[in-house]
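User: I would like a close look at a single part of this model: the protein surface beside the nucleic acid, together with the helices that build it. Please set the account out as one connected description.

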Number of protein chains: 4
Amino acid sequence: MVIRIDLSSDTPIYVQLRNEIVKGIGKGELLPGENLPTVRQLSAELGVNAMTVSKAYQILKTEGYIETDRRRGAAVRAAGPKGAAAENGREKMESTLELLSAEAKLQGMDREEFLRLCGDAFAQMEV
Amino acid sequence: MVIRIDLSSDTPIYVQLRNEIVKGIGKGELLPGENLPTVRQLSAELGVNAMTVSKAYQILKTEGYIETDRRRGAAVRAAGPKGAAAENGREKMESTLELLSAEAKLQGMDREEFLRLCGDAFAQMEV
Amino acid sequence: MVIRIDLSSDTPIYVQLRNEIVKGIGKGELLPGENLPTVRQLSAELGVNAMTVSKAYQILKTEGYIETDRRRGAAVRAAGPKGAAAENGREKMESTLELLSAEAKLQGMDREEFLRLCGDAFAQMEV
Amino acid sequence: MVIRIDLSSDTPIYVQLRNEIVKGIGKGELLPGENLPTVRQLSAELGVNAMTVSKAYQILKTEGYIETDRRRGAAVRAAGPKGAAAENGREKMESTLELLSAEAKLQGMDREEFLRLCGDAFAQMEV
DNA sequence: GTGGTCTAGACCACC
DNA sequence: GTGGTCTAGACCACG
């Protein structure tokens, strides 16, 4: 799986990392039960601080996307995200979609075009 | 129009403000040409510093959502956002939707449900 | 002569006014000795405060572009701008051109293209 | 690189700073990838507030002249200014040149002299 | 140590 | 009265 980080972005690196991994799981590039690279591997590969990778993993763990086994390292959780995180996610998702809708409409997009964009995004998760 | 700010959020106040106002314009709660509250009014109402509000207005101005007439204060721009901001917005929007899709799918949502959510969000802009 | 003012611009209206009139004189749309509209006429025509127009005229007068006769109002000065203003203008002009050159180059323009742009601008003054 | 600020000028300090840095990049005094002084350094050196410097940097960032890496501070962007800023710049540049031409002509400059001035300015960017 | 955010309060230009 | 600018000083997130 390819992880792309933009060091000059304003979103923190550990958040970018978290997002990229969530996308990777969603797309099936990382399968349930599959191991993630170790913190050291990934930090070396991306040229970022190990603490940054560690922080991303920790968030993914609290959100229930991954679980860590002392012996095997981090692996994608089979059961999917925990209930609590999911509920929070729902509200946040609606709020984000509301903002996105507003921006889309004000750029002249109509309902059909916006939904096509949404559908295209979701389609990437179904391959 | 009601603006709700979460002082304990990790997203900066001026970004929250910017987002709320974009939503307000999108929903038609703020009509083209309509005046926004003055910087001082809004800052007093929200209990934040005037510079914070000013910063939000300046961003909205460079994005082309509003314009400021030295005589009347800030008002919603009739022409809509500038081309430049719109182009950047497209890529960002696709990236956000990709992440949202991944999160949605991993919470067990199927395509239909996700698109319904998207449609509901956009519907708020069409009232 | 047509004067176009952008009320939502960040450059003060009286400066825009001053600039437009200088351009007008340069282009020959306002001939030496020709009368300018009265402050009241112009302020009414543009829908701006009379004091704003007055301020622009005052600047043009100190710069030596126009002169005011109590009986005839303001008129384009035959002799052109005064020496002092001209000297100041020279330095300022060089500084502005330096900035413009930098911006041009960084946008990928080459010398030839930049000079063509400069030549085109000057050509408007020679019709 | 030497940065000179005129505290008594009517153009805001952060704009002067932005302009000086753009000139510096154009002249090659600041090379692509090279680091700019930190906000605190520069603010101390110039005797202005850190926020003022920060504001200048933020503008240069949105214009695409520099980028900030959370680890190393601000650095000159290799790719040059973003397309969006470049487009706006073109119109503004033509308008400025038009005004400059008028002023030049009214000071008695002829086409040849004006173009020499323009050429001299651009030459500084080609050393 | 870096930039980013926010505050409280002051002053100014513009209209 | 409006937004814009600047200050001095504090705190925080990030890495």
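Analyst: A helix here is a DSSP run of type H or I with at least four residues, and helices are numbered from the N terminus. The model is predicted, and the description below should be read with that in mind.

The account begins with DNA strand F. A total of 23 residues surround this strand, and the closest are B:Arg40, D:Ile13, D:Tyr14, D:Asn49 and D:Thr52. Of the atoms of DNA strand F that come within 4 Å of the protein, 75% belong to sugar and phosphate. Several side chains place polar atoms beside the phosphate oxygens of this strand. For D:Tyr14, the distance from a polar side-chain atom to a phosphate oxygen of DNA strand F is 2.4 Å. The corresponding distance for D:Thr52 is 2.8 Å, and for A:Lys55 it is 3.5 Å. Three chains supply elements with two or more residues in the surface near DNA strand F: α1 (13-27) and α3 (50-63) from chain A, α2 (39-46) and α3 from chain B, and α1 and α3 from chain D. The element that gives the most is α3(B), with four residues. Sorted by class, the surface near DNA strand F holds ten nonpolar, seven polar and six charged residues.

DNA strand E may be described in a similar order. There are 23 residues around this strand, of which B:Ile13, B:Tyr14, B:Asn49, B:Thr52 and B:Arg71 come nearest. Sugar or phosphate accounts for 74% of the atoms of DNA strand E within 4 Å of the protein, and the rest belong to bases. From chain C, a polar side-chain atom of C:Tyr14 is 2.9 Å from a phosphate oxygen of DNA strand E, while a polar side-chain atom of C:Lys55 is 3.4 Å from a phosphate oxygen of the strand. From chain B, an N or O atom in the side chain of B:Lys55 lies 3.2 Å from a phosphate oxygen of DNA strand E. The elements that each supply at least two residues of this surface are α1 (13-27) and α3 (50-63) of chain B, α1 (13-27) and α3 (50-63) of chain C, and α2 (39-46) and α3 of chain D. With four residues, α3(D) gives the most to the surface near DNA strand E. That surface divides into ten nonpolar, seven polar and six charged residues.

Chain D shows how the helices named above are arranged among themselves. Helix α3 of chain D, residues 50-63, packs against helix α1, residues 13-27, with the axes 8 Å apart and an angle of about 50°. These two helices are therefore oblique to each other, and α1(D) passes α3(D) in a right-handed crossing. On the α1(D) side, the contact is formed by D:Ile13, D:Tyr14, D:Leu17, D:Arg18, D:Ile21 and D:Val22; on the α3(D) side, by D:Thr52, D:Val53, D:Lys55, D:Ala56, D:Tyr57, D:Ile59, D:Leu60 and D:Glu63. This contact has ten nonpolar residues, one polar residue and three charged ones. Both D:Ile13 and D:Tyr14 are also among the closest residues to DNA strand F, as is D:Thr52.

The helix α3(D) has a further partner in α2(D). Their axes come within 8 Å and cross at roughly 120°; α2(D) and α3(D) are therefore oblique to each other. The crossing is right-handed. Here D:Val39, D:Leu42 and D:Ser43 of α2(D) meet D:Ala50, D:Val53, D:Ser54 and D:Tyr57 of α3(D). By class, this contact comprises five nonpolar and two polar residues, with no charged residue. D:Val53 and D:Tyr57 belong to the α3(D) side of the contact with α2(D) and also to the α3(D) side of the contact with α1(D).

For context, chain A has five helices and two strands, which run α-α-α-β-β-α-α from the N terminus on. Its helix α5, residues 111-123, comes within 10 Å of helix α5 of chain B, axis to axis, and the two cross at roughly 150°. This crossing is right-handed. Residues on the chain A side include A:Phe114, A:Leu115 and A:Phe122, and those on the chain B side include B:Phe114, B:Leu115 and B:Phe122. The contact of α5(A) with α5(B) divides into ten nonpolar, two polar and two charged residues.

Technical notes:
Residues are numbered from 1 along each chain as its sequence is written. Chains are lettered from A and ligands numbered from 1 in the order in which they are written. This is a predicted model: local features need pLDDT of at least 70, side-chain atom pairs count only at pLDDT 80 or more; totals for chains, interfaces and linings use all residues. Side-chain values use heavy atoms; hydrogens and water are left out. Axes are lines fitted to C-alpha atoms, for helices over the stretch in contact, and angles run from 0 to 180 degrees between N-to-C directions. Angles under 35 degrees count as roughly parallel, over 145 as roughly antiparallel, 65 to 115 as roughly perpendicular and the rest as oblique. A crossing is left-handed if the near helix is turned anticlockwise from the far one by less than a right angle, and right-handed if clockwise. Contact means heavy atoms within 4.5 Å. Ala, Val, Leu, Ile, Met, Phe, Trp, Tyr, Cys and Pro count as nonpolar, Asp, Glu, Lys and Arg as charged, and the others, Gly among them, as polar. A residue is near a molecule or strand if one of its heavy atoms lies within 4 Å of it. A polar contact is a pair of N or O atoms within 3.5 Å; within protein, one must be able to donate a hydrogen and the other to accept it, and residues adjacent in sequence count only if both atoms are side-chain atoms.
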